[in-house]
Amino acid sequence: MREGEYMLNVLLLHISVAFFFLFFSINCQCHPLDPLTPNEINQIRVIIQKSHLSSLSNVTFHIVDLDEPEKNDVLHWLSLHKSNNAFFPYRRARVVVRASGESHEVTIDLATSSIISQKLYTGHGFPPFTLNEIIRSSSLTLSRRKFQDSISRRGLNISEVSFIPLSVGWYGQITTRRVLSVPCFYRGGASNFWARPIEGITTLVDVDSMKIIKYVDRFRAPLPEAKDAGFNSSSQGSVTCNDTQPSRINIQGNEVEWANWKFHVGFNNRAGIIISTASIFDAARNEYRRVLNRGHVSEIFVPYMDPTFEWYYRTFMDVGEFGFGRSASTLVQSVDCPNNAVYMDGYMADSEGQVVQVPRAICIFERYAGDAAWRHTEIGVPGTLNTKGQKEVNLVIRMVTTVGDYDYILDWEFKQSGSIKVGASLTGIMEMKAKTQLH
């Protein structure tokens, strides 16, 4: 080998080694509970595409999330990291893909870009539906000749029809198909189509084969009028939220420090906000005390409890079936959050493994509602009236998720007294059911 070629090879070796350590550091220097980054989501898509799964038909991504490390590993890292910036030894992702009509659970090592475990899921249930499957089910129903005839017989304009495909529930029976029911609504000049259901039509779609397996036009009901069916917000003049200044919120990546609290804020497509490793400073001990290891919304069950054929199946699991992170709304300043809020974006993967960004998915702000954290008026000293106290300023972590006509507002409120208050508020608009009025 000539001297020039030898020096070139040595140089390339040094560059390769340097790149490896840089890549390893970039992937491991983050907090072990940080959500997957856009680069990691892209990396996961490429790994799946290069695996044997790509040879199967209809490969779709349903879950792409961080495979969270064990609690003891995280706590050990936290104890070392604060003194010497230690690297976490591994970072993995949990992926659920559908291929050839089957569900595959895959664990990926992001440091080595390799699949370290894979199994075929054979239990009850299916992964959540993707947005692409919901859109295709709507388009399939719209193109059905029988459906077009049903709309025509009602004297309606087919171009004014909207669809909201829904899960069909599970009642203990053996299920072999992933099925969506596709109810329809009529806009006809109204912004709120939820108030104008087209009753009597039932369409069931086998999502894997993307075929209609049942179509029933059972009856007709009066269509509610478009008048007063819209929804608009009224002006509130110059009303503003209370802004606390200056802000004491310190955010480094996904780690938040405020007053006597420190914790980690995560985000995934199922739960939305995830609060982890929350600790409060104990001045008497001069150390932080762990309060909460991991907190998130587990499930919200929405049973409509209407026994009729067109409504009985509406028993939704809004977190598991639709995903609170997947349905997260971009927060609007002065509507969802006050002017002193800071924001975090959310990232997830779509059905093709591509990155989807939710801008301003989470807001963080200090809130003062005029309450006292503590107060006392002392009258026991002759000739004096001594009143002391402190206003209660809390820290709020908020997200809003819109599932159909429901808007959920989720708050994690940290109090300086050491308590954590979790709030779940429901707003949105009402879905109507058309009925024949009997006199």
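Biologist: In this predicted model, how many bridges join strand β19 to strand β20, and in which sense do the two strands run?

Modeller: Strand β19 (residues 355–378) and strand β20 (residues 386–403) run antiparallel and are joined by twelve bridges. One position to inspect is W374, which stands opposite Q390 in β20. Helix α2 (residues 38–50) packs on the sheet, where it touches β18 and β19. The direction of helix α2 makes about 5° with that of β18.

Biologist: What is the order of the strands in the open sheet?

Modeller: The sheet is built from five strands in the order β18-β19-β20-β21-β22, with antiparallel pairing. Its edge strands are β18 (342–349) and β22 (420–428), each of which pairs on one side only. From one strand to the next, the twist averages 30°. As a general guide to reading side chains, those of a regular strand alternate between the two faces of the sheet.

Biologist: Where is G353 found, and is G353 buried or exposed?

Modeller: G353 is found in the loop between β18 and β19. The cut-off for burial is a relative accessible area under 20%. G353 counts as buried because its relative accessibility is 1%. Beyond its neighbours within four places in sequence, G353 is in contact with I41, R45 and F61. The C-alpha atoms of G353 and I48 are separated by 9.1 Å, although these positions lie 305 residues apart in chain numbering.

Biologist: Why is strand β14 described as largely enclosed by the rest of the structure?

Modeller: Ten of the eleven residues of strand β14 (residues 272–282) are buried, so the strand is largely enclosed by the rest of the structure. Strand β14 pairs with strand β13 (residues 261–268) in the antiparallel sense over seven bridges. W261 has I280 of β14 as its bridge partner, and a hairpin of three residues joins β13 to β14. Seven bridges also join β14 to β15, and these two strands run antiparallel. Within that pairing, D282 stands opposite E287 in β15.

Biologist: Which residues does G295 contact, leaving aside its neighbours within four places in sequence?

Modeller: G295 is in contact with I273, I274, I275 and W412. The place of G295 is in strand β15 (residues 287–295). G295 is buried, because its relative accessible area is 6%. The C-alpha atoms of G295 and V422 are separated by 9.7 Å, with the two residues 127 apart along the chain.

Biologist: Which residues take a positive phi although they are not glycine?

Modeller: The general expectation is that most residues other than glycine have a negative phi. Among the exceptions here, A259 has a positive phi of about 50°, and S334 has a positive phi of about 70°. A259 is found in the loop between β12 (255–258) and β13, and A259 is partly exposed, with a relative accessible area of 40%. S334 has its place in the loop between α6 (318–322) and β18, and S334 counts as partly exposed at 48% relative accessibility. A further case is N286, which takes a positive phi near 60° in the hairpin of β14 and β15, where four residues lie between the strands.

Biologist: How should a buried charged residue be read, and what is the nearest side chain of opposite charge to D109?

Modeller: One looks for a salt bridge, for which the cut-off is 4 Å between a side-chain nitrogen of Lys or Arg and a carboxyl oxygen of Asp or Glu. D109 is buried yet has no salt bridge, and the nearest side chain of opposite charge, R92, is 4.8 Å away. D109 is found in strand β3 (residues 102–109). A polar atom of the D109 side chain lies 2.9 Å from the backbone nitrogen of A111. Outside its neighbours within four places in sequence, D109 is in contact with R91, R92, S114 and I116.

Biologist: Which side chain does a polar contact of 2.8 Å join to that of R314?

Modeller: The side chain of R314 is joined to that of E431 by this polar contact of 2.8 Å. A polar atom of the R314 side chain also lies 3.4 Å from the backbone oxygen of E310. R314 is found in the loop between β16 (301–303) and β17 (315–317), and R314 counts as buried at 4% relative accessibility. Not counting residues up to four places away in sequence, R314 touches L166, P183, V302, P303, Y304 and E431.

Conventions. Residues are numbered from 1 along each chain as its sequence is written. This is a predicted model: local features need pLDDT of at least 70, side-chain atom pairs count only at pLDDT 80 or more; totals for chains, interfaces and linings use all residues. Side-chain values use heavy atoms; hydrogens and water are left out. Buried means under 20% relative accessible area, exposed over 50%, partly exposed in between (1.4 Å probe, protein chains only). Lys and Arg count as positive and Asp and Glu as negative; His and the chain ends are not counted. A polar contact is a pair of N or O atoms within 3.5 Å; within protein, one must be able to donate a hydrogen and the other to accept it, and residues adjacent in sequence count only if both atoms are side-chain atoms. Contact means heavy atoms within 4.5 Å. Two strands pair if DSSP finds at least two bridges between them. Axes are lines fitted to C-alpha atoms, for helices over the stretch in contact, and angles run from 0 to 180 degrees between N-to-C directions.
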